[in-house]
Amino acid sequence: MFKKMFTLLIAVLFVVPFVAAADDFDDDFGGDFEEDGEEAEVEEGEEEEEEAPAKKKKSQEQSESEAAMKDLMGDPEEDEKPSKKEDREESEEAEVEEAAAPVKEDKADAGKSFKGIKPILLVKGGFTVFGSYKRWNGQGTKPSSLSTMFGSLDEGIIGLEYQGKHVIAKGTLNVRTNYAFIENGANPLAKVNHHSVQNGAANALYEVYGGVKFFDVFIKAGKLIPEYGLVDTWQNLGMGFTTPFLTRSLAVVEGFLPETDAGLALGYNGIIKKDHNLFIGLSLGTGANASEFWDSDKTMGLYGRIGYGFKDYVKAAFAFQYRNDYYVRKLDHIGIGVHLNVSAYGFEMPITFDYNMMKMIRGTSRKNTTSMLLSLTPGYAYHFNHEWIDKVGIAFRYDLVQGVYLDGNGGYLDYTNFRSNSMIMRIGITANFFTKELAGIRGMAGLTFLMQPQSKVDKKDINGDGKTKDYGFTTIVLQAGAEF
């Protein structure tokens, strides 16, 4: 019996390959050797049964490959899973149908693979149809009243951002033009920040960084916005203000916080309990902006923030910064800030408060000085049910700056050029209409009025130069902008 079974096994091993080869031969030559039509139909049915598992296996391998590619490129994972109660035969038929159209599936996935890359575009500019300011001509003479009319690109951010599942990267360029009221103003620190993206390609790179994230924890390195309050939330059209004084956080406009710093940042930014957003950040940099003091290898900048947000209604943060020249001058800068933005039913109310403690040079000694910044921007927008008009908005702006520079051409670390107890303020109003998103792009256009009233900043004429006032400016701007 055993010999018979062994002989049969040997026969099967020789016969099966021969039959398989014959089937392949028939497939290659169109089945010309079939003698009976019914036998041909049976063979075709067997062939389909053999091809179905192969197609199923090929489809499964292709799906696994696509899933790996999606994970690499940052596509969101699909949460929907087939129900266990589904009929197994229908599931197999669906898999066979998907495998039957690989070209269509490849095209769709090719588009999805770039979902992690987001283009960034923000352009805001205007034309000053009316502007006036006063210029001091020297001791013993009255200031000259000057009128000016000019155009400006106040903010031009363009670049790309990649937010993958575990990989993040961003590269943006900030382009802007000179602005007459900053150039003729009395704050040299504001000029430094405004020019930091104009003086050469290295400074023009507004943000260039890469990093990783996992469980909403991020680590990134490069040139980036400091982890400070809500400074990063100003990169949008907002309520439509233009002019460099109003397009960015007041701490940045006045120059007490560098717009970008080169270094390392880490933190957490995630959603907890559905609608609640918690964000914590810490960044360590070179303390740099384009100046002789901070642009060196002997300086350090440390920035931090902790904040909370609820949907789009509330966002609040506490911030701090510490910058120090730890080798030569032993000068440091300590800043704290409380930032809040409340939005509901068309109303919006950003509030920022910053307090800065700085050391300046007074002859051969060092002198402690302080500065306080307060900014309020209440606004309201009325939404339309229209094909392309989104809303019409109006907003007010009030800035209070305590701690004033006397001369824009003087050194910003020179104590004789700074008055801690003096203050200036700015008031403005803007009215704009906004378009709905068309192909991901929305725009705005409108009018802004901004005024910095005259203020006594050196009442006792301590410097003895006869200049006791900050003369401020007045401007009316026609404006437009767009964002992607």
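Me: How many residues of helix α6 are buried?
Reply: In this predicted model, 8 of the 8 residues of α6, which spans residues 188–195, are buried, so the helix is mostly covered.

Me: Which ones are they?
Reply: Going along the helix, the buried residues of α6 are Pro188, Leu189, Ala190, Lys191, Val192, Asn193, His194 and His195.

Me: And what do those buried residues pack against?
Reply: They pack against α5 (180–183), α8 and β14.

Me: Which residue caps the N-terminal end of α6?
Reply: That's Asn187. One of its side-chain oxygens lies 2.8 Å from the backbone nitrogen of Leu189.

Me: OK, what does Tyr405 touch?
Reply: Leaving out residues up to four places away in sequence, Tyr405 touches Ala186, Asn187, Pro188, Leu189, Met360, Gly411, Tyr412, Asn417 and Phe418. Pro188 and Leu189 are among the buried residues of α6, and Asn187 is the cap at its N-terminal end.

Me: Which residues touch the most other members of the largest nonpolar core?
Reply: Tyr405 is one of them, along with Val231, Leu257 and Leu373. That core has 32 residues.

Me: Which elements each supply at least two residues of this core?
Reply: β1 (117–135), α8 (250–253), β11, β14 and β15 (418–435) each do.

Me: How many residues are in the other core?
Reply: There are 14 residues in another core that lies apart from the largest one. Phe181, Met239, Phe241 and Phe473 are among them.

Me: Switching to strands. How many bridges join β9 to β10?
Reply: 11 bridges join them, and the two strands run antiparallel. β9 covers residues 314–325 and β10 covers residues 332–344. If you want a spot to look at, Lys315 stands opposite Asn341 in β10.

Me: What about β10 and β11?
Reply: They run antiparallel too, joined by 12 bridges. Here you can look for Ser343, which stands opposite Glu348 in β11.

Me: How many residues sit between β10 and β11 in their hairpin?
Reply: Just 2 residues lie between them. Tyr345 is in that turn, with a positive phi of about 55 degrees.

Me: And which sense do β11 and β13 pair in?
Reply: Antiparallel, over 2 bridges. β11 is residues 347–362 and β13 is residues 379–383. Glu348 turns up again here, with Gly379 in β13 as its bridge partner.

Me: What joins β13 to β14?
Reply: 5 bridges do, and β13 and β14 run antiparallel. β14 covers residues 389–405. One pair to find is His383 with its bridge partner Lys391 in β14. β13 and β14 also form a hairpin, with 5 residues between them.

Me: Back to positive phi. Where is Phe215?
Reply: Phe215 is in the loop between β4 (205–214) and β5 (217–224). It has a positive phi of about 55 degrees although it is not a glycine.

Me: What's the usual sign of phi?
Reply: Most residues other than glycine have a negative phi.

Me: Is Phe215 buried or exposed?
Reply: Phe215 has 77% relative accessibility, so it counts as exposed.

Me: What about Asp216?
Reply: Asp216 is in the loop between β4 and β5 as well. Its phi is near 70 degrees, a positive value in a residue other than glycine. Asp216 is partly exposed, with a relative accessible area of 39%.

Me: New topic: is Glu155 buried or exposed?
Reply: Glu155 is buried, because its relative accessible area is 3%, and the cut-off for buried is under 20%. You'll find Glu155 in strand β2, residues 144–163.

Me: Which side chain does Glu155 have a polar contact with?
Reply: The side chain of Arg248, in a polar contact of 3.2 Å.

Me: What else does Glu155 touch?
Reply: Besides Arg248, Glu155 touches Leu122, Val123, Lys124, Asn174, Val175, Arg176 and Thr247, again not counting residues up to four places away in sequence.

Me: Last bit, the whole chain. How many helices and strands?
Reply: The secondary structure comes to 8 helices and 19 strands. The chain has 484 residues, and 39% of them count as buried.

Me: How much accessible surface is there?
Reply: About 27,300 Å², and 60% of it belongs to carbon and sulfur atoms.

Technical notes
Residues are numbered from 1 along each chain as its sequence is written. This is a predicted model: local features need pLDDT of at least 70, side-chain atom pairs count only at pLDDT 80 or more; totals for chains, interfaces and linings use all residues. Side-chain values use heavy atoms; hydrogens and water are left out. Two strands pair if DSSP finds at least two bridges between them. Helices (H or I, at least four residues) and strands (E, at least two) are DSSP runs, numbered from the N terminus. Buried means under 20% relative accessible area, exposed over 50%, partly exposed in between (1.4 Å probe, protein chains only). Accessible areas come from the Shrake-Rupley method with a 1.4 Å probe; for residues, only the protein chains shown count as cover. A nonpolar core is a set of buried Ala, Val, Leu, Ile, Met, Phe, Trp, Tyr and Cys residues joined through side-chain atoms within 4.5 Å. Contact means heavy atoms within 4.5 Å. A polar contact is a pair of N or O atoms within 3.5 Å; within protein, one must be able to donate a hydrogen and the other to accept it, and residues adjacent in sequence count only if both atoms are side-chain atoms.
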